[in-house]
Amino acid sequence: MTSRSDVTAVKAALKTQAIETPSWAYGNSGTRFKVFAQPGVPRSPREKLDDAAKVHEFTGVAPTVALHIPWDRVDDYAALARYAGERGLRLGAVNSNTFQDDDYRLGSICHPDATVRRKAVGHLLECVDIMDATGSRDLKLWFADGTNYPGQDDLRGRQDRLAEGLVQVYDRLGDGQRMLLEYKFFEPAFYATDVPDWGTAYAHCLKLGEKARVVVDTGHHAPGTNIEFIVSTLLRERKLGGFDFNSRFYADDDLMVGAADPFQLFRIMYEVIRGGGLAPGTAFMLDQCHNIEAKIPAIIRSVMNVQEATAKALLVDGEALDAAQRSGDVLEANAVLMDAYNTDVRPLLGEVRTELGLDADPIAAYRRSGWQERIAAERVGGAQAGWGA
Ligand code: PSV
Ligand code: MN
């Protein structure tokens with residue numbers, strides 16, 4: 001049974017949670033078979049921010065936007081940050097890109113050729129320069145590096161090169177800046193990926209120091225992986241930097257978070273709360289692509305899904321759970337957790353939004369706003385932004 005004071009605390013926590021949306025989710029995307037264009041898609045980083053401002057306007061909890069360089073390259077990053085500020089936003093994590101240049105065919109900072117490694121490190125250092133201008137806290141690193149065939153390169157040597165490159169970037173980080181290292185078990189490398197799992201990412205981050213942390217992209221695991229265990233362990237070691245949230249059915253599907261497996265998202269959020277991870281040190285980022293669905297409402301839906309999982313996790317009766325666990329009452333312990341999961345938190349979140357002066361139903365409010373019709377009419381001509389464009 002949740003008391004009134006508990007509900008007040010749950011609401012307060014929900015009001016302060018911040019979910020970061022990715023600039024690339026506002027652009028066109030697809031599969032290797034087809035990228036479908038949608039009317040009204042942004043043609044510039046500024047237009048992506050205009051759309052992100054709508055997500056924040058209707059949800060109240062999406063105040064930052066992650067950039068991806070070079071997809072969001074502009075001449076003046078401080079001006080872009082000011083533009084964001086004028087719309088009630090801040091620029092969030094800077095995502096590096098060491099995977100879309102012909103030079104990176106055999107890898108980037110793990111490449112056997114020192115010239116290519118220098119180029120990759122140069123790009124990462126440029127990303128830190130951009131963070132200085134935007135005021136971003138986090139540099140997000142994901143390496144497509146790896147090999148497709150046994151014997152193709154020296155697995156151990158590649159780890160040495162990775163460590164050397166990371167140190168150079170780490171040493172460039174300023175006060176208050178962090179480096180978040182993302183792992184992914186396969187793709188685009190199929191035989192051996194250089195940062196395939198949280199253990200490898202953790203080992204590198206541990207050696208680097210306090211400012212290096214692991215980021216958990218929920219889509220980057222094999223089916224059946226217990227992601228909440230990874231989250232719990234990283235939080236225990238003070239090495240969880242944040243999340244790239246999305247859903248997967250088969251591979252790295254980048255679908256709306258909470259769509260494929262809302263129960264998994266709840267279990268993750270429960271471990272986050274249990275480990276004190278609702279604090280600002282954890283970046284709750286989305287990393288999604290909306291191939292066939294309307295983008296802005298899909299991002300709003302994703303933000304709401306994270307909120308719903310968080311609300312349910314906050315409602316877990318910790319005392320009852322503890323008592324059941326201590327007494328070895330397996331069924332009761334499971335029931336306590338499931339009670340929270342099975343609670344319909346939509347009315348509670350509606351109240352949270354109303355108390356914030358927002359519409360209780362962000363998707364309906366967005367649809368009524370006319371923004372979709374306006375951008376479809378105004379954003380004609382020019383090149384639409386797209387994943388990889
Ligand atoms: C790679 O699959 C990834 O998850 C990384 O976070 C990239 O930065 C992002 O997708 C966008 O491609
Ligand atoms: Mn990611």
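In this predicted model, a polar side-chain atom of Glu 182 sits 2.8 Å from an oxygen atom of ligand 1. Two more side chains make a similar approach. His 220 brings a side-chain N or O atom to 3.1 Å from an oxygen atom of ligand 1, and Asp 252 likewise has a side-chain N or O atom 3.1 Å from an oxygen of the ligand. The protein covers ligand 1 well: taken alone, the ligand exposes 300 Å², and 96% of that is buried by the protein. In total, 14 residues surround ligand 1, with Glu 182, Lys 184, Asp 217, Asp 252 and Asp 287 the closest.

Glu 182 turns up again at the metal. The manganese ion (ligand 2) is held by the OE of Glu 182 together with the OD of Asp 217, Asp 244 and Asp 287, at 2.1 to 2.2 Å. Asp 217 and Asp 287 also appear, alongside Glu 182, among the residues closest to ligand 1. Along the chain, the metal donors follow the spacing E-x34-D-x26-D-x42-D. Two of them, Asp 217 and Asp 244, link distant parts of the chain: Asp 217 belongs to strand E8 (residues 212-217) and Asp 244 to strand E9 (residues 240-245), 27 residues apart. Both of these aspartates are buried.

As for geometry, the manganese ion has 6 donor atoms, and the angles among them run from 71 to 163 degrees, giving an octahedral site. For six octahedral donors, the ideal angles are 90 or 180 degrees.

Away from the ligands, Ser 108 is worth a look. This serine is found in the loop between strand E3 (90-95) and helix H4 (114-134). Is Ser 108 buried or exposed? Ser 108 counts as buried because its relative accessible area is 0%, and the cut-off for burial is under 20%. Leaving aside residues up to four places away in sequence, Ser 108 touches Thr 98, Val 116, Arg 117, Ala 120, Phe 143 and Asp 145. With Thr 98 there is also a polar contact between the two side chains, at 3.5 Å. Asp 175, by contrast, lies 67 residues from Ser 108 in sequence and 26 Å from it in space, C-alpha to C-alpha.

The backbone has a few oddities too. Most residues other than glycine have a negative phi, and most peptide bonds are trans. Where does the model depart from this? One cis peptide bond joins Ile 69 and Pro 70, with omega about 20 degrees; Pro 70 lies in the loop between strand E2 (64-68) and helix H3 (77-86). Another cis bond runs from Glu 187 to Pro 188, with omega near 5 degrees, and Pro 188 is in the loop between strand E6 (178-182) and strand E7 (192-193).

Glu 187, in that loop between E6 and E7, is unusual on a second count: its phi is positive, near 75 degrees, although the residue is not a glycine. With a relative accessible area of 31%, Glu 187 is partly exposed. Asp 254 also has a positive phi, of about 55 degrees, and is likewise not a glycine. Asp 254 sits in the loop between E9 and helix H8 (262-274). Its relative accessibility is 12%, so Asp 254 counts as buried, whereas Glu 187 is partly exposed.

Definitions and conventions. Residues are numbered from 1 along each chain as its sequence is written. Chains are lettered from A and ligands numbered from 1 in the order in which they are written. This is a predicted model: local features need pLDDT of at least 70, side-chain atom pairs count only at pLDDT 80 or more; totals for chains, interfaces and linings use all residues. Side-chain values use heavy atoms; hydrogens and water are left out. Donors are N, O and S atoms within 2.8 Å of the metal (3.2 Å for Na, K and Ca); water is not among the atoms, so sites may look incomplete. Four donors count as tetrahedral if all angles lie between 85 and 135 degrees; four count as square planar and six as octahedral if opposite donors are over 155 degrees apart and all others between 65 and 115; anything else is irregular. Helices (H or I, at least four residues) and strands (E, at least two) are DSSP runs, numbered from the N terminus. Buried means under 20% relative accessible area, exposed over 50%, partly exposed in between (1.4 Å probe, protein chains only). A residue is near a molecule or strand if one of its heavy atoms lies within 4 Å of it. A polar contact is a pair of N or O atoms within 3.5 Å; within protein, one must be able to donate a hydrogen and the other to accept it, and residues adjacent in sequence count only if both atoms are side-chain atoms. Accessible areas come from the Shrake-Rupley method with a 1.4 Å probe; for residues, only the protein chains shown count as cover. Contact means heavy atoms within 4.5 Å.
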